[in-house]
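Biologist: I am new to reading models like this one. Could we go through it together, with you explaining the reasoning behind each label?

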Amino acid sequence: MDGSDVLVLEQIKKLNKKIDKLDDEVASLMKKTEYLDEEVKAQQLVLESYKGSTDKLKEFNTIKGKITQKISNIVKEHKFFSENRVCPTCTQDIEEEFRLNKIGDVESKAQELKKGYQDLEDSIKSEQERERQFTKLTKEITKLNNGISQNNTRISGHNRQIRDLESEIQKL
(Lines give C-alpha, C1' and ligand atoms only; values in the text may rest on other atoms or scores of the structure.)
Protein backbone atom coordinates (compact mmCIF):
# COMPACT_ATOMS: atom_id res chain seq x y z
CA MET A 1 0.00 0.00 0.00
CA ASP A 2 1.45 3.31 -1.00
CA GLY A 3 0.97 6.76 0.53
CA SER A 4 -2.01 7.68 -1.64
CA ASP A 5 -3.85 4.53 -0.56
CA VAL A 6 -3.26 5.44 3.07
CA LEU A 7 -4.59 8.94 2.42
CA VAL A 8 -7.71 7.52 0.75
CA LEU A 9 -8.28 5.14 3.67
CA GLU A 10 -7.84 8.01 6.12
CA GLN A 11 -10.30 10.11 4.15
CA ILE A 12 -12.80 7.21 4.03
CA LYS A 13 -12.38 6.77 7.78
CA LYS A 14 -13.09 10.49 8.34
CA LEU A 15 -16.15 10.36 6.11
CA ASN A 16 -17.45 7.24 7.88
CA LYS A 17 -17.04 9.02 11.23
CA LYS A 18 -19.10 11.92 9.90
CA ILE A 19 -21.72 9.45 8.66
CA ASP A 20 -21.82 7.73 12.06
CA LYS A 21 -22.21 11.07 13.81
CA LEU A 22 -25.04 12.07 11.46
CA ASP A 23 -26.69 8.64 11.95
CA ASP A 24 -26.58 9.18 15.73
CA GLU A 25 -28.14 12.64 15.34
CA VAL A 26 -30.84 11.21 13.06
CA ALA A 27 -31.63 8.49 15.62
CA SER A 28 -31.79 11.10 18.40
CA LEU A 29 -34.05 13.36 16.35
CA MET A 30 -36.32 10.43 15.48
CA LYS A 31 -36.61 9.56 19.16
CA LYS A 32 -37.49 13.19 20.00
CA THR A 33 -40.01 13.25 17.16
CA GLU A 34 -41.60 10.06 18.44
CA TYR A 35 -41.89 11.60 21.92
CA LEU A 36 -43.40 14.80 20.49
CA ASP A 37 -45.86 12.77 18.44
CA GLU A 38 -46.99 10.90 21.58
CA GLU A 39 -47.39 14.25 23.35
CA VAL A 40 -49.53 15.56 20.49
CA LYS A 41 -51.77 12.49 20.69
CA ALA A 42 -52.11 12.84 24.47
CA GLN A 43 -52.90 16.56 24.20
CA GLN A 44 -55.46 15.90 21.46
CA LEU A 45 -57.28 13.45 23.74
CA VAL A 46 -57.47 16.11 26.44
CA LEU A 47 -58.49 18.69 23.85
CA GLU A 48 -61.50 16.55 22.91
CA SER A 49 -62.95 17.07 26.39
CA TYR A 50 -62.88 20.84 25.89
CA LYS A 51 -64.60 20.89 22.50
CA GLY A 52 -67.98 22.55 22.24
CA SER A 53 -67.34 25.33 24.75
CA THR A 54 -67.89 28.05 22.18
CA ASP A 55 -71.28 26.62 21.22
CA LYS A 56 -72.29 26.28 24.87
CA LEU A 57 -71.24 29.87 25.55
CA LYS A 58 -73.41 31.08 22.68
CA GLU A 59 -76.34 29.07 24.03
CA PHE A 60 -75.77 30.33 27.58
CA ASN A 61 -75.61 33.94 26.40
CA THR A 62 -78.89 33.48 24.54
CA ILE A 63 -80.47 32.11 27.72
CA LYS A 64 -78.93 34.97 29.69
CA GLY A 65 -80.61 37.44 27.34
CA LYS A 66 -83.97 35.73 27.82
CA ILE A 67 -83.61 35.72 31.61
CA THR A 68 -82.59 39.38 31.56
CA GLN A 69 -85.73 40.17 29.55
CA LYS A 70 -87.90 38.23 32.02
CA ILE A 71 -86.28 40.07 34.93
CA SER A 72 -87.05 43.36 33.22
CA ASN A 73 -90.70 42.35 32.77
CA ILE A 74 -90.98 41.23 36.38
CA VAL A 75 -89.51 44.51 37.61
CA LYS A 76 -92.08 46.41 35.55
CA GLU A 77 -94.91 44.21 36.85
CA HIS A 78 -93.74 44.63 40.45
CA LYS A 79 -93.48 48.38 40.02
CA PHE A 80 -96.97 48.52 38.48
CA PHE A 81 -98.67 46.61 41.30
CA SER A 82 -96.65 48.40 43.97
CA GLU A 83 -97.51 51.87 42.66
CA ASN A 84 -101.09 51.38 41.41
CA ARG A 85 -104.31 50.66 43.23
CA VAL A 86 -106.38 51.64 40.21
CA CYS A 87 -105.90 50.35 36.66
CA PRO A 88 -104.60 53.29 34.60
CA THR A 89 -106.21 51.91 31.42
CA CYS A 90 -109.78 51.15 32.56
CA THR A 91 -109.78 53.13 35.84
CA GLN A 92 -111.16 50.16 37.77
CA ASP A 93 -109.97 49.55 41.31
CA ILE A 94 -107.41 46.78 41.69
CA GLU A 95 -108.58 44.52 44.47
CA GLU A 96 -106.06 44.69 47.35
CA GLU A 97 -105.85 40.91 47.84
CA PHE A 98 -105.25 40.43 44.09
CA ARG A 99 -102.64 43.22 44.07
CA LEU A 100 -100.78 41.72 47.07
CA ASN A 101 -100.93 38.21 45.53
CA LYS A 102 -99.47 39.58 42.29
CA ILE A 103 -96.68 41.33 44.18
CA GLY A 104 -95.96 38.07 46.08
CA ASP A 105 -95.97 36.05 42.85
CA VAL A 106 -93.65 38.52 41.18
CA GLU A 107 -91.25 38.49 44.14
CA SER A 108 -91.27 34.68 44.13
CA LYS A 109 -90.54 34.61 40.38
CA ALA A 110 -87.79 37.18 40.90
CA GLN A 111 -86.11 34.93 43.49
CA GLU A 112 -86.29 31.95 41.11
CA LEU A 113 -84.86 34.00 38.27
CA LYS A 114 -82.14 35.40 40.52
CA LYS A 115 -81.07 31.86 41.45
CA GLY A 116 -81.25 30.70 37.83
CA TYR A 117 -79.31 33.76 36.69
CA GLN A 118 -76.56 33.09 39.24
CA ASP A 119 -76.36 29.43 38.21
CA LEU A 120 -76.13 30.54 34.59
CA GLU A 121 -73.36 33.03 35.42
CA ASP A 122 -71.44 30.20 37.14
CA SER A 123 -71.91 27.98 34.09
CA ILE A 124 -70.73 30.76 31.79
CA LYS A 125 -67.58 31.25 33.88
CA SER A 126 -66.95 27.51 33.79
CA GLU A 127 -67.37 27.38 30.00
CA GLN A 128 -65.13 30.43 29.58
CA GLU A 129 -62.44 28.59 31.53
CA ARG A 130 -62.96 25.50 29.37
CA GLU A 131 -62.63 27.68 26.27
CA ARG A 132 -59.37 29.16 27.64
CA GLN A 133 -58.07 25.64 28.23
CA PHE A 134 -59.08 24.66 24.70
CA THR A 135 -57.16 27.63 23.29
CA LYS A 136 -54.15 26.89 25.49
CA LEU A 137 -54.08 23.23 24.42
CA THR A 138 -54.50 24.17 20.76
CA LYS A 139 -51.46 26.45 21.00
CA GLU A 140 -49.47 23.71 22.78
CA ILE A 141 -50.35 21.18 20.07
CA THR A 142 -49.31 23.68 17.39
CA LYS A 143 -46.00 24.19 19.18
CA LEU A 144 -45.43 20.42 19.40
CA ASN A 145 -46.30 19.97 15.72
CA ASN A 146 -43.83 22.72 14.83
CA GLY A 147 -41.16 20.82 16.78
CA ILE A 148 -41.99 17.66 14.86
CA SER A 149 -41.78 19.55 11.57
CA GLN A 150 -38.41 21.07 12.48
CA ASN A 151 -37.05 17.66 13.48
CA ASN A 152 -38.27 16.12 10.22
CA THR A 153 -36.56 18.90 8.26
CA ARG A 154 -33.31 18.31 10.15
CA ILE A 155 -33.60 14.54 9.63
CA SER A 156 -34.05 15.06 5.89
CA GLY A 157 -31.02 17.36 5.81
CA HIS A 158 -28.90 14.85 7.72
CA ASN A 159 -30.01 12.01 5.44
CA ARG A 160 -29.08 14.10 2.41
CA GLN A 161 -25.62 14.77 3.93
CA ILE A 162 -25.21 11.05 4.60
CA ARG A 163 -26.05 10.22 0.97
CA ASP A 164 -23.57 12.87 -0.22
CA LEU A 165 -20.84 11.47 2.04
CA GLU A 166 -21.55 7.90 0.88
CA SER A 167 -21.41 9.10 -2.71
CA GLU A 168 -18.05 10.74 -1.97
CA ILE A 169 -16.77 7.48 -0.48
CA GLN A 170 -17.87 5.60 -3.61
CA LYS A 171 -15.87 7.99 -5.77
CA LEU A 172 -12.75 7.36 -3.72
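Biologist: Why is Cys-90 called partly exposed?

Modeller: Cys-90 has 41% relative accessibility. Buried means under 20% relative accessible area and exposed means over 50%, with partly exposed in between (1.4 Å probe, protein chains only). Cys-90, at 41%, therefore counts as partly exposed. Please keep in mind that this is a predicted model, where local features need pLDDT of at least 70 and side-chain atom pairs count only at pLDDT 80 or more, while totals for chains, interfaces and linings use all residues. Residues are numbered from 1 along each chain as its sequence is written, and side-chain values use heavy atoms, with hydrogens and water left out.

Biologist: And what makes Cys-87 buried?

Modeller: Its relative accessible area is 19%, and the limit for buried is under 20%, so Cys-87 is buried.

Biologist: How do you know that the sulfur of Cys-90 is too far from that of Cys-87 for a bond?

Modeller: A disulfide needs a pair of cysteine sulfur atoms within 2.5 Å. The sulfur of Cys-90 is 3.5 Å from that of Cys-87, its closest cysteine sulfur, so there is no bond. A search of the whole structure finds 0 disulfides.

Biologist: Let's turn to the helices. How do you know that the length of helix H1 agrees with its number of residues?

Modeller: Helices are DSSP runs (H or I, at least four residues), numbered from the N terminus. The expected span is 1.5 Å times one less than the number of residues. For the 46 residues of H1 (residues 3–48) that gives 68 Å, and the end C-alpha atoms are 67 Å apart, which agrees.

Biologist: Which residues of H1 are buried?

Modeller: Among them are Ile-12, Leu-22, Thr-33 and Gln-43. What covers the buried residues of H1 includes H3.

Biologist: Why is His-158 called buried?

Modeller: His-158 has a relative accessible area of 13%, which is under 20%, so the label fits. This residue lies in helix H3 (residues 96–171). Leaving aside neighbours within four places in sequence, His-158 is in contact (heavy atoms within 4.5 Å) with Leu-22, Glu-25, Val-26 and Leu-29.

Biologist: What makes up the largest nonpolar core?

Modeller: A nonpolar core is a set of buried Ala, Val, Leu, Ile, Met, Phe, Trp, Tyr and Cys residues joined through side-chain atoms within 4.5 Å. The largest has 10 residues in all, including Leu-15, Ile-19, Ile-155 and Leu-165. H1 and H3 are the elements that give two or more residues to this core, and H1 provides the largest share, 6 residues.
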